[in-house]
Amino acid sequence: MKELQKHIIVGITGGIGSGKTTISKYFEGFGIPVYYADLEAKALMNRSKVIKRKLIALFGDDAYINNTLNRDYLRSQIFKEKKLLSKMNAIVHPKVGAHFKRWVKKQNAPYILKEVAIIFENNLQSQYDYIITVIADNEERVKRVMQRDNSSRDSVKAIIRNQFSDQEKIKKSDFVIENNDLEAAKLQAQIIHNNLISNI
Ligand code: ATP
């Protein structure tokens, strides 16, 4: 009997501004399909009627403006009542999980990469065959995010404080990419890719 194809799932994670998305693009360049979990979650929150109905039930009609998710409103409500975050995740995560499963089945590659901001914080490491953590100096990350999002130093630092430290993530990872210099990081990505395809 023909065995069911088992997809090798590699998670790529890292703190805010570490460069997960930038590095994931390099893997795409090596021919690896990448699922951008946070982007897909945002898209599903706008597209899925079920999510929309449930989020309106949770947050009220202001959750959407002209059929588009009102992210600022949700953020402000969650800031006021922290429990709303886990309730929102309980609505959104299963849908993203199901979407990811369908996406994986359509891929034909030696492995697939899933870019996710939070793996260890939610103890989800068992969902992955391998995990790559992208790290960079904190001060560098703060500068990048301030420039990219026009956000304040304090707000970026507050997010960094809420995430696991690089040291904690490194301990639990199979591979680490240090992304202070882009060229050096690309080379590390290439080495990991070669390593993965020769081990699979
Ligand atoms: P987030 O968790 O906030 O989504 P991320 O980890 O996916 O962030 P990126 O979006 O890839 O990080 O990078 C953050 C910003 O820093 C981007 O504007 C990106 O172009 C820039 N950047 C990434 N790596 C480097 C680097 N090595 N040198 C300089 N700038 C970089």
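Helices (H or I, at least four residues) and strands (E, at least two) are DSSP runs, numbered from the N terminus. Serine 48 sits in the loop between two such helices, H2 and H3. The model described here is predicted.

## Serine 48 and the start of H3

Is serine 48 buried or exposed? Its relative accessibility is 14%, so serine 48 counts as buried, the cut-off being under 20%.

Serine 48 also caps the N-terminal end of H3. One of its side-chain oxygens lies 3.4 Å from the backbone nitrogen of valine 50. A polar atom of the serine 48 side chain also lies 3.0 Å from the backbone nitrogen of isoleucine 51.

## The two sides of H3

Which residues of H3 are buried? They are Ile51, Leu55 and Phe59. Viewed down the helix axis, these buried residues fall within an arc of 45°, so they line one face of H3. Here is the general reason: an α-helix has 3.6 residues a turn, so residues three or four places apart point the same way. On the other side of H3, Lys49, Arg53 and Ala57 are exposed.

What covers the buried residues of H3? The cover includes helices H2, H4 and H5. It also includes strand S3 (64–65) and strand S4 (68–69). After H3 comes glycine 60, with a positive phi near 100°.

## The largest nonpolar core

The buried residues of H3 turn up again in the largest nonpolar core, which has 28 residues. Which members touch the most others? They are Met45, Ile51, Leu55, Phe59 and Met88. Helices H2 (37–47), H3 (49–59), H4 (71–80) and H5 (83–106) each supply at least two residues of this core. H5 gives the most, with eight residues. Apart from this core lies another, of 19 residues. Among its members are Ile23, Ile32, Leu113 and Leu196.

Take leucine 55 as an example. Set aside its neighbours within four places in sequence. Leucine 55 is then in contact with Met45, Gly60, Ala63, Tyr64, Leu69, Met88 and Ile91.

## The open sheet

Now the strands. Five of them form an open sheet, in the order S2-S5-S1-S6-S7. Their pairing is parallel. Why is one side of S2 and one side of S7 left without a neighbour in the sheet? Strand S2 (34–36) and strand S7 (175–178) stand at the edges, each with a single partner strand, so one side of each has no neighbour there. Neighbouring strands are turned against each other by 20° on average, direction ignored.

Look at the S7 edge. Strand S6 (residues 130–135) pairs with S7 in the parallel sense, over four bridges. Valine 134 has isoleucine 177 of S7 as its bridge partner. Isoleucine 135 has glutamate 178 of S7 as its partner. In a regular strand, the side chains alternate between the two faces of the sheet. S7 shows this pattern: Phe175 and Ile177 point to one face and are buried. Val176 and Glu178 point to the other face and are not buried.

## Two asparagines with positive phi

Asparagine 67 lies in the loop between S3 and S4. Its phi is near 70°, a positive value in a residue other than glycine.

Asparagine 123 lies in the loop between strand S5 (112–115) and S6. Its phi is also positive, near 55°. Is asparagine 123 buried or exposed? Its relative accessible area is 57%, so asparagine 123 counts as exposed, the cut-off being over 50%.

## Glutamine 163 and arginine 75

Glutamine 163 has its place in the loop between helix H7 (153–162) and helix H8 (166–172). With a relative accessible area of 17%, glutamine 163 is buried. Which residues does it contact, leaving aside neighbours within four places in sequence? They are Gly15, Ile16, Glu121 and Arg141.

Arginine 75 lies in helix H4. It is partly exposed, at a relative accessible area of 49%. Its side chain is joined to that of aspartate 72 by a polar contact of 3.1 Å. Arginine 75 and glycine 11 are 64 residues apart along the chain. Their C-alpha atoms are separated by 26 Å.

Note on methods. Residues are numbered from 1 along each chain as its sequence is written. This is a predicted model: local features need pLDDT of at least 70, side-chain atom pairs count only at pLDDT 80 or more; totals for chains, interfaces and linings use all residues. Side-chain values use heavy atoms; hydrogens and water are left out. A nonpolar core is a set of buried Ala, Val, Leu, Ile, Met, Phe, Trp, Tyr and Cys residues joined through side-chain atoms within 4.5 Å. Buried means under 20% relative accessible area, exposed over 50%, partly exposed in between (1.4 Å probe, protein chains only). Contact means heavy atoms within 4.5 Å. Two strands pair if DSSP finds at least two bridges between them. Axes are lines fitted to C-alpha atoms, for helices over the stretch in contact, and angles run from 0 to 180 degrees between N-to-C directions. The arc is that of the directions from the helix axis to the C-beta atoms. A polar contact is a pair of N or O atoms within 3.5 Å; within protein, one must be able to donate a hydrogen and the other to accept it, and residues adjacent in sequence count only if both atoms are side-chain atoms.
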